[in-house]
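Me: Please take a close look at one single part of this model, then work outward from there. Keep it brisk, and define your terms as you go.

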Amino acid sequence: MSDTKNTSYNIVSLIRKKRDKQALTKDEIKHIIDQYSKDIIPDYQISAFLMASFLNGLNDEETSALTEAMLYSGQVLDLSEIPGVKVDKHSTGGVGDKLSLILAPIVAACGVPVPMISGRGLGHSGGTLDKLESIPGFTVSLDLDRYRSVLRKHNLVLIGQTEEIAPADKRLYALRDVTATVEAIPLIAGSIMSKKLAEGVDALVLDVKYGTGAFMKSQEDAIRLAEKLVSIGTSFGKETIAYITNMDQPLGYKIGNWLEVEESIDALLGKGPDDIMEVTHLLAGTMIYLGKKAASVEEGIEMSKKSVEDGSAFQKFIEITEEQHGDSSYLKNPSSYQKATVIFEVKAQKDGFITEMDAYTFGMAGIELGAGRRTKEDKIDPVSGITLTKKIGDAVEKGETIAICYTNSNQVQHLVTEMLENAVTIGSNQPEISPMITHRVDANGISDY
Ligand code: URA
């Protein structure tokens with residue numbers, strides 16, 4: 001970490017410099033983040049800096065400087081006393097994306113320590129913490145000593161970002177959320193990597209999504225983001241591999257917190273949908289390879305599949321749930337979970353084939369049902385959400401059920417039905433199904449998958 005050499009920078013001059021498309025130095029960026037963390041620079045000036053960065057971009061050096069400044073705004077955990085190569089995975093977020101719940105136990109069961117620090121739902125996309133907390137009693141708030149001891153005992157720990165982990169990112173993120181400055185590649189890259197580098201991992205696998213349900217709508221932007229993430233990870237000495245994956249339709253068949261836990265249980269019991277299992281085994285196999293328990297990604301994938309077949313991955317999920325005070329009886333017997341009071345179906349409007357299922361709108365409909373937050377204060381309703389009965393490529397007849405909605409609200413049926421009817425396009429020809437995984441990006445560059 002470099003110290004700020006000059007503490008007499010004028011913040012207005014720094015904002016002006018970025019506004020006028022000039023590059024800031026590493027010290028200038030460090031100064032901005034340090035002074036903001038100490039409440040010396042107010043929100044309105046940081047907002048101006050964020051908007052100037054959003055509009056004019058940050059080059060690679062500026063992005064690394066931002067990442068480093070946010071990383072060292074808190075603690076950088078040292079897990080070196082825990083044996084093994086520690087590996088985590090991060091997804092840039094999507095709809096129905098419950099892969100962390102499935103792959104973390106798989107990888108841990110294969111002998112690779114997984115220290116996972118996850119986030120909550122953000123906008124239309126769900127969050128791992130909210131899903132875990134739908135398991136009654138499950139706590140994601142562990143202090144850092146417990147974080148270490150749980151990881152050592154189980155090869156796995158699942159927690160949320162603490163006050164100690166990249167606090168500058170936490171504050172900046174909240175500000176970006178309300179100043180329309182989230183969707184900027186350098187800001188996203190700095191935000192993700194400052195958190196991931198702080199958690200003490202040795203290697204990282206990234207799932208960078210593109211499509212209607214992702215933050216990056218185009219494949220080109222997802223590739224640019226992946227390249228940035230990999231280059232930051234590599235420059236900090238962490239082996240980092242990213243995959244570009246499709247998020248044009250929801251992942252799997254279930255959207256909503258407990259519903260996604262249910263689908264994760266199915267996946268861990270060997271009954272997961274194909275799209276989920278394809279990406280899960282690839283990401284898990286890559287983590288197992290990076291964790292040095294397999295000689296290749298392919299061998300890692302085989303180990304991942306075996307841990308599902310022999311039940312060890314599901315057993316690991318039970319074990320970590322119990323360790324983190326969750327009631328594992330619901331995992332063993334999901335049908336005993338509380339039920340939504342209002343259940344309704346959305347029907348096909350005509351005969352044909354489903355050609356589009358706008359993942360973004362499915363995510364937003366999930367929020368209306370109670371599965372996400374509109375404001376920071378909103379409470380999540382764990383049982384609400386959507387189960388799809390059809391996916392892109394399926395044939396439907398007019399009046400046939402496409403989705404079943406679950407909620408405890410009496411007021412959303414009309415709105416959600418309209419949203420979902422509009423989110424589904426039915427055509428007369430069966431469409432080609434887009435591949436789930438399109439590219440791999442690592443320190444050597446990009447390759448087709
Ligand atoms: N996820 C993050 O952690 N940060 C971003 O900026 C976007 C997604």
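Reply: **Helix H7 and its surroundings**

Directly after H7, Asn155 has a positive phi of about 65 degrees. Helices here are DSSP runs of H or I with at least four residues, strands are runs of E with at least two, and both are numbered from the N terminus. The model is predicted, so local features need pLDDT of at least 70 and side-chain atom pairs count only at pLDDT 80 or more, while totals for chains, interfaces and linings use all residues. Residues are numbered from 1 along each chain as its sequence is written, and side-chain values use heavy atoms, with hydrogens and water left out.

Now the start of H7. A side-chain oxygen of Asp143 comes within 3.1 Å of the backbone nitrogen of Asp145. That is a polar contact: a pair of N or O atoms within 3.5 Å; within protein, one must be able to donate a hydrogen and the other to accept it, and residues adjacent in sequence count only if both atoms are side-chain atoms.

Which residues of H7 are buried? They are Leu144, Tyr147, Arg148, Val150, Leu151 and His154, in a helix that covers residues 144-154. Buried means under 20% relative accessible area, exposed means over 50%, and partly exposed lies in between (1.4 Å probe, protein chains only). The cover over these residues includes helix H5 (99-109), strand S2 (114-118), strand S3 (156-160) and helix H14 (312-323).

Asn155 has company in its phi. Most residues other than glycine have a negative phi, and most peptide bonds are trans. Lys21 is not a glycine, yet its phi is positive, about 70 degrees. Lys21 sits in the loop between helix H1 (11-19) and helix H2 (26-37). Lys21 is exposed because its relative accessibility is 66%. Asp39 also has a positive phi, near 65 degrees. Its loop runs between H2 and helix H3 (43-56). Asp39 counts as exposed because its relative accessible area is 56%.

Next, the ligand. Its shell consists of Tyr173, Arg176, Ile188, Ser191, Ile192 and Lys195. A residue is near the ligand if one of its heavy atoms lies within 4 Å of it. Helix H8 (167-177) and helix H9 (185-198) each provide at least two shell residues. H9 gives the most, with four. By class, three shell residues are nonpolar, one is polar and two are charged. Here Ala, Val, Leu, Ile, Met, Phe, Trp, Tyr, Cys and Pro count as nonpolar, Asp, Glu, Lys and Arg as charged, and the others, Gly among them, as polar.

Where do polar side-chain atoms meet the ligand? Arg176 puts one 2.9 Å from a ligand oxygen. Ser191 has one 2.7 Å from a ligand nitrogen. In Lys195, a side-chain N or O atom is 2.7 Å from a ligand oxygen. Taken alone, the ligand exposes 230 Å², and the protein buries 90% of that. Accessible areas come from the Shrake-Rupley method with a 1.4 Å probe; for residues, only the protein chains shown count as cover.

Three helix residues round out the interior. Thr63 belongs to helix H4 (residues 60-71). It is buried because its relative accessible area is 1%. Neighbours within four places in sequence aside, Thr63 contacts Leu58, Pro186, Ala189, Lys228 and Ile232. Contact means heavy atoms within 4.5 Å.

Lys131 lies in helix H6 (residues 128-133). Is Lys131 buried or exposed? It counts as buried because its relative accessibility is 1%. Its contacts, with neighbours within four places in sequence left aside, are Asp97, Lys98, Leu101, Gly126, Asn257, Glu260 and Val261.

Ala222 is in helix H10 (residues 219-235). Ala222 is buried, with a relative accessible area of 0%. Outside its neighbours within four places in sequence, Ala222 touches Val208, Lys209, Tyr210, Met216 and Ile244.

Last, the cysteines. A search of the whole structure turns up zero disulfides. A disulfide is taken as a pair of cysteine sulfur atoms within 2.5 Å. Cys110 is buried at 12% relative accessibility. Cys405 is buried at 0%.
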